[in-house]
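User: Could you take a close look at how aromatic rings and helices meet across the chains in this model? I would enjoy one connected walk through that part.

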Amino acid sequence: MHASVADVAAALGGEVLGDPSLGLHRIASLHSADAHSISFLAQNKFLAQLHASQAGCVILRPEHRELAQQRAAAILTPDPYLYYARLTQWWVQRQRAQQPAGVHPTAHIGQGVQLHPSARIGAFVVIEEGAHIGEGVVIGPHTVVGTRAVLGAHTRLAARVSFGEHCRVGARGMIHSGAVIGADGFGFAPQAGAWTRIEQLGAVRLGDDVDIGANTCVDRGALDDTVLEDGVKLDNLIQIAHNVHIGAHTAMAGCVGVAGSARIGKHCTFGGAAMILGHLEIGDHVHISAASVVMSSIIKPGQYSGVFPIDDNGAWEKNAATLRQLHTLRARLRALEKKFAS
Amino acid sequence: MHASVADVAAALGGEVLGDPSLGLHRIASLHSADAHSISFLAQNKFLAQLHASQAGCVILRPEHRELAQQRAAAILTPDPYLYYARLTQWWVQRQRAQQPAGVHPTAHIGQGVQLHPSARIGAFVVIEEGAHIGEGVVIGPHTVVGTRAVLGAHTRLAARVSFGEHCRVGARGMIHSGAVIGADGFGFAPQAGAWTRIEQLGAVRLGDDVDIGANTCVDRGALDDTVLEDGVKLDNLIQIAHNVHIGAHTAMAGCVGVAGSARIGKHCTFGGAAMILGHLEIGDHVHISAASVVMSSIIKPGQYSGVFPIDDNGAWEKNAATLRQLHTLRARLRALEKKFAS
Amino acid sequence: MHASVADVAAALGGEVLGDPSLGLHRIASLHSADAHSISFLAQNKFLAQLHASQAGCVILRPEHRELAQQRAAAILTPDPYLYYARLTQWWVQRQRAQQPAGVHPTAHIGQGVQLHPSARIGAFVVIEEGAHIGEGVVIGPHTVVGTRAVLGAHTRLAARVSFGEHCRVGARGMIHSGAVIGADGFGFAPQAGAWTRIEQLGAVRLGDDVDIGANTCVDRGALDDTVLEDGVKLDNLIQIAHNVHIGAHTAMAGCVGVAGSARIGKHCTFGGAAMILGHLEIGDHVHISAASVVMSSIIKPGQYSGVFPIDDNGAWEKNAATLRQLHTLRARLRALEKKFAS
């Protein structure tokens, strides 16, 4: 058994009902839980799943006290979903605590690297000269940390991450496999029909509690830095171009693209594959729907969308063809209105 | 010479016309073939290319027996394109058969790894504790296989793949370079304007005969697994979020994104950059056109599309601006209809 | 100090005003420059920033001679932006010149590799049999170069690049971290409801002065090669499918996708996330706006767009719903016009 119900409540709080000594071997969704699983009810729309669930222990809101009493055990807390999130962290940290600190013998550590003794450095990791690796940092196999880069305390880099020279990340960050932090921004000066490369001399600065998804790219700035403030969360396969600035606690789902020098506010959300053009501004608390394209600045908080509605192919073909005449249709409508009025 | 026409037919069948001893050094397209190339006619629309081709041997349908007799050699078979596919596999496997099994001396194999002696493990590969590597598996340089992961027989991982802990792939799979299987799903609970990370405790399960493209990501599930059934084919730079379920023999072209917990049927196809929102269902035999966005469930088989038609920039600007008034235009049209009727 | 104003002008030309001995420690944007920075005025719209800037030296057009005379130093040149691009290259090359050639002791060099003595090969690099590494090539840590691949003079591969077997890149190329050159194209023959893999036997050929962004994929051809001509510039997270041909000096921003066998002309530009379907042709000097989808060939030079305009969510919902009836609306309008005419 991984833990008892009492262990969980001692660590995370909440009111325990039923048997505190119940052993838990798994955190589970309601439908896959068994008698030694702990599960949770995030929203009332899942009450039917709760009734059908085999879960030995369920995390519930106080209003569900009666349902709780029907279980072998339960924990009451005002926000079960948040409790579940914290439970997963506690659960994983207990497992991680068993992994020893130290540098794998195959890792290559450059000259002048400041490496906290509590850090854990995986196989074939490369840390180049003068980098600074903070307390409790974990670096997975095959990750490359560039010259004079700085990794804040308890930040984790998964396997096969590129973290570029002079780039910085704060505390408690998480960078997933394949992410590339600090590749060159895409900058070229036109010259007689060809392109002359502009070397990118800025860096990337990530705040505290930043998560970067797998194969996501955050480019270094041309001269100044690309900046992600505290608590920014990026999913997989996202492109953040040079000199973008993203405000605190903004979250982006997979496949989003942000073009150069866009300035994005705090507490924004971006649905998957949203695209933000360059050199524009997005205010705080702006929410962009999936697959929508932002072509000019949006300052006012709110939800914004712009997606062609999907339809069966035949209907789409007709409507799309007509759309190419829409401006003309408006003119015809206007003409008709005028004729009718006269 | 790589093989003779007789060798090919002995391995793959078909009726040989002309010289079975003709030596073949290359499989080639009709336009680049030479007298020692083997080529194929996939569709009759390429007949002109066939006439112009220098190919020594051509794979043709029986109906083209007369054309076949004009070549140094030919192979007749009901489906030349499929024959060509099988020919490429046979061709490559003959080359691979010359590569010895074994573990490169620089690879790092963790404790308790079950490694079939016929497997071939490349330079700087990391296989973590308790992983299971099946018969004939090939792992390219710099690939990382996590704790207790399972690779089925004859599956190949290219160079620089991340295959996460507890994830599984069946037999005859192919995972291309840069792919990340089993990064954490994007899950956070909101807490006072910030985001609390939900550790992702599920895994990824890939069936038999699954292909995963370069730099494609398949995230591990939050609690249950992300599942790709047998024969699923994913192209490059695709994002599959946590707890997605993809049915057997569904294929997705490059840059597709599938959001969390979407459930996709069997025998579907997705054009490049199609986007599927989360928590919805797509039935069997549904075909989504490139760059189309699925925002609600689609159960009925068929082809679905939703793309703004491209136009010269000036025309697009006018039509796009008018589109923002489309609902109003409809109201004006309705008003006019009413007036006219009265 | 990195250089003096005189050093810069000696290397790159231009007319020096003010103190040629002024020491420069940084190339900076106007707003972050200090008394020992060199900055530039790209366009007159930034004149206010110039007036407010602390920059010790500014690169200006000759028409701004009077403004130049107000600085500690200035350099006059007809195209300050191009001068700045060349300055960044000169600046970086002075730093790189200090890095010694040679092969890191952890690198694995296969049999028969032709390695120019001036090349610099990083930690844990793998170069497989028979590859050819030209003069002054730089290969970052963890990069894998496949069998018989060819890297032209002064080309640089960043850390963690996959450069596949038999692929070639010309001189002065730059391939960023995570890029995958030469993964298999996505080719399958249908067989009884499943997919039979077509092994990809072509390669990738990149011309001179080609830049490839981070985590971008360029697939090898099915039989013939995928080709990017001289001076092509690709940003991050781009997908180039098998047998695509891209003409010289064409540039693509992040997240673009090009499907198989598309043939793209010279001097084109593609905005971020533009998508190009397969087997079509795009002429020279065609410019595709961001997020636009090319579904048929475009030969005529010009700017082309096709994006649903973003709006507040409520307005979008109404207009998108109406769009699904657009063809019907046109019919109703036509009917009304006819009635009115009669």
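Analyst: Here is a walk through the contacts between chains, with a short stop at an annotated site afterwards. Please keep in mind that this is a predicted model.

Let's begin with the rings. Over all chains, the structure holds 21 aromatic pairs. One of them brings together A:Phe308 and B:Phe308, whose ring centres are 6.4 Å apart. Their planes stand at 90°, and because an angle over 60 degrees counts as edge-to-face, that is the class of this pair. The pair crosses between chains: A:Phe308 sits in the loop between β39 (302-305) and β40 (311-312) of chain A, and B:Phe308 in the loop between β39 (302-305) and β40 (311-312) of chain B. Both partners fall under the 20% cut-off for buried residues, A:Phe308 with a relative accessibility of 5% and B:Phe308 with 6%.

Now for a pair that links chain A to chain C. The ring centres of A:Phe340 and C:Phe340 are 6.2 Å apart, and their planes meet at 50°, so this pair is tilted. Here the partners come from helices: A:Phe340 belongs to helix α6 (residues 326-341) of chain A, and C:Phe340 to helix α6 (residues 326-341) of chain C. A:Phe340 is partly exposed at 27% relative accessible area, and C:Phe340 is partly exposed as well, at 28%.

Helix α6 of chain C also takes part in a helix pair. Its axis and that of helix α5 (residues 313-323) of chain A come within 7 Å and cross at roughly 60°. That angle makes α5(A) oblique to α6(C). From α5(A), the contact draws on A:Lys318, A:Asn319, A:Thr322 and A:Leu323, while α6(C) supplies C:Leu326, C:His327 and C:Arg330. Sorted by class, this contact has two nonpolar, three polar and two charged residues.

Within chain A, there is an aromatic cluster too, formed by A:Phe40, A:Tyr81 and A:Tyr84.

Finally, the annotated site. An unreviewed UniProt entry places the feature "active site" at A:His242. This residue is found in the loop between β29 (239-240) and β30 (245-246) of chain A. With a relative accessible area of 15%, A:His242 is buried. Setting aside neighbours within four places in sequence, A:His242 is in contact with residues including A:Phe186, A:Gln200, A:Asp219, A:Arg220, A:Thr226 and A:Ser261. Several glycines are also among its contacts, including A:Gly185, A:Gly187, A:Gly221 and A:Gly260.

Conventions
Residues numbered from 1 in each chain as written. Chains lettered and ligands numbered in written order. Predicted model: local features only at pLDDT ≥ 70, side-chain atom pairs only at ≥ 80, totals over all residues. Heavy atoms only, no water. Phe/Tyr/Trp six-rings, centres within 6.5 Å; stacked < 30°, edge-to-face > 60°. Helix = DSSP H or I, 4+ residues; strand = E, 2+ residues; numbered from the N terminus. Buried < 20%, exposed > 50% of the residue type's maximum accessible area, 1.4 Å probe, protein only. Axes fitted to C-alpha atoms, helices over the stretch in contact; angles between N-to-C directions. Parallel < 35°, antiparallel > 145°, perpendicular 65-115°, else oblique. Contact = heavy atoms within 4.5 Å. Nonpolar A, V, L, I, M, F, W, Y, C, P; charged D, E, K, R; others polar. UniProt positions renumbered as here; feature names shortened; annotations may be inferred.
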